[in-house]
Amino acid sequence: MTTPLPQFRKYLLLTLITLALSLLPISSVLSRTLPRLYQIKSHLYPALQTRTFSSRAMAYEKELEIAALAVQRATLLTKSVYHSHSKGTLSKSDSSPVTIGDFGAQALIISSIKHAFPNDEVVGEEDADDLRADSSLRDLVWKLVQAAKLEDAAAEEKIGGPIKSVEAMLDAIDSGRSAGGRKGRIWALDPIDGTKGFLRGGQYAVCLALMVGGIPTVGVIGTPNLPVDDQAPLDAKIGENADDSEGKGVLFSAVRGEGATSRPLSKGGLEPGKSINMKPLDDTTQATFCESVEAGHSSHSDNAAIASKLGITKPSVRMDSQAKYCSIARGAGDLYLRLPVSKSYEEKIWDHAAGVVIVQEAGGEISDAWGKPLDFGIGRTLKENKGIIAAPKAVFPMVIEAVKEVLNAKQ
């Protein structure tokens, strides 16, 4: 059958845009035009999206595999730290706790990234200054890093195998000092997102995202304490007293334009994955919404006011970390509300980049509290955005309007 000319032209334009996107890492000009290219591509011809995206996604097949294996290995270390009861905390300038698991997980993941993609930059949450100043803490982290190995030798080899020395470990941690930005390929890493949840045995996550031209493109999140069953309902107890008993531990992943996946965390190679999607929702009164445990991270009172406007009667589910993104992406919850508590607070890119890819690829929409797209290309923070709202596309406009009404009433 002959392809109608208008459809052929659309297909040709889609192919050219796909080619341009695949060349992004070596083109600063395309980097500046990437957001517009994606917008044109996503609206031009939906019937052809799957075909054109699939050819581009092959360029990220290695990135996805390395990221997933790196995160999986890092979760072995974090679980080891928790169960050995050797959690140690340091006081940082922002008063947030830092555990030895943070340092170890960051070392393992950055060494994996640098092994596979030596020219890529990394925006990490930690640096090695404290370890260089404290030999006992450094030795403890080094011991844990040495012990964290995937049981599958081939998988371990793909991410570079064991770190060679203490100094190599410290250098890996310090390689996470990228300033971020819109240039080329930059990874955003949170070695333990939800540190307080980790310390109390609740939900936490190991999060890694590849940003291309400032846009989150590959996202991987390891959640050792979430149930493997994607249909498991959310309840108030999910954020407390969790453990890694049988049936817990999930690895979530997504590539822009290719959908989102969940698979059980393992100690070796990657388990088979299955596609996940947000739960269809056209009536907000039936929604379950997630929010942070810590009141300092999100205004619980504003969230409650928004829920009331939307007719939501179910209690909120509070949990730490990007496990919230993962939970709504697989349909266990519906909405994620993170309203700013302070006008001066700037969200960190590593707290959201991976979760954003996964939710968007599961059929969700995300913006800041005022409906503005999240801009990950400015630096290490989302300084041009305030708050985070995530919801299924069908009800997203309604949710944003409720958010604006609540925030405007406070001004």
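**Exercise 1. Determine which residues Gly268 touches, leaving aside residues up to four places away in sequence.**

*Solution.* Begin with the contacts: Gly268 touches Leu69, Gln72, Leu150, Glu151, Asp152 and Ala155, where contact means heavy atoms within 4.5 Å. The structure is a predicted model, in which local features need pLDDT of at least 70, side-chain atom pairs count only at pLDDT 80 or more, and totals for chains, interfaces and linings use all residues. Residues are numbered from 1 along each chain as its sequence is written, and side-chain values use heavy atoms, with hydrogens and water left out.

Next, place the residue. Gly268 belongs to the loop between strand S8 (260–264) and strand S9 (274–276); helices (H or I, at least four residues) and strands (E, at least two) are DSSP runs, numbered from the N terminus. Its partner Gln72 is 196 residues away in sequence, yet the C-alpha to C-alpha distance is 8.4 Å.

Finally, assess exposure. Gly268 counts as buried because its relative accessibility is 10%; buried means under 20% relative accessible area, exposed over 50%, and partly exposed in between (1.4 Å probe, protein chains only).

**Exercise 2. State how many helices and strands the protein has, and what percentage of its residues count as buried.**

*Solution.* The secondary structure comprises 14 helices and 14 strands. Of the 411 residues, 55% are buried. Among contacts with a separation of 6 or more, 73% join residues 24 or more positions apart.

**Exercise 3. Identify which residues of the largest nonpolar core touch the most other members, and which element gives the most to this core.**

*Solution.* A nonpolar core is a set of buried Ala, Val, Leu, Ile, Met, Phe, Trp, Tyr and Cys residues joined through side-chain atoms within 4.5 Å. The largest such core has 42 residues, and Ile349, Ile358, Val359, Ile366 and Phe376 touch the most other members. Elements that each supply at least two residues of this core include strand S6 (215–227), helix H12 (323–329) and helix H13 (353–361). H13 gives the most, with 6 residues.

Consider now one member, Ile358. Beyond four places in sequence, Ile358 touches Gly219, Ile221, Phe252, Ser253, Ala254, Ala260, Ile276 and Ala329. Apart from this core lies another, of 31 residues, including Ile66, Leu69, Val71 and Leu76.

**Exercise 4. Explain why H13 is largely enclosed by the rest of the structure.**

*Solution.* H13 is largely enclosed because 8 of its 9 residues are buried. These are Ala353, Ala354, Gly355, Val356, Val357, Ile358, Val359 and Glu361. Just after H13, Gly363 adopts a positive phi of about 105 degrees.

**Exercise 5. Describe how the axes of helices H5 and H9 cross.**

*Solution.* First, the geometry: the axes come within 8 Å and cross at roughly 85 degrees. Axes are lines fitted to C-alpha atoms, for helices over the stretch in contact, and angles run from 0 to 180 degrees between N-to-C directions. H5 is therefore roughly perpendicular to H9, given that angles under 35 degrees count as roughly parallel, over 145 as roughly antiparallel, 65 to 115 as roughly perpendicular and the rest as oblique.

Second, the residues: H5 contributes Phe103, Gln106, Ala107, Ile110 and Ser111, and H9 contributes Met169, Ala172 and Ile173.

Third, the wider packing: the buried residues of H9 (residues 166–174) are Met169, Leu170, Ala172, Ile173 and Asp174. They pack against H5, helix H6 (129–133) and helix H7 (135–147).

**Exercise 6. Find which backbone atom lies 3.3 Å from a polar atom of the Asp102 side chain.**

*Solution.* The atom is the backbone nitrogen of Ile192. Asp102 lies in helix H5 (residues 100–116) and is buried, at 0% relative accessible area. Ile192 is located in strand S4 and is also buried, at 1% relative accessibility. Ile192 is in contact with Asp102 and, among others, Thr78, Thr99, Phe198 and Tyr204. Ala205 is 13 residues from Ile192 in sequence and 5.7 Å from it in space, C-alpha to C-alpha.

**Exercise 7. Determine what is noteworthy about the phi of Ser321.**

*Solution.* The phi of Ser321 is near 80 degrees, a positive value in a residue other than glycine. Most residues other than glycine have a negative phi. Ser321 lies in the loop between strand S11 (317–318) and H12, and is buried, with a relative accessible area of 9%.

Definitions and conventions: A polar contact is a pair of N or O atoms within 3.5 Å; within protein, one must be able to donate a hydrogen and the other to accept it, and residues adjacent in sequence count only if both atoms are side-chain atoms.
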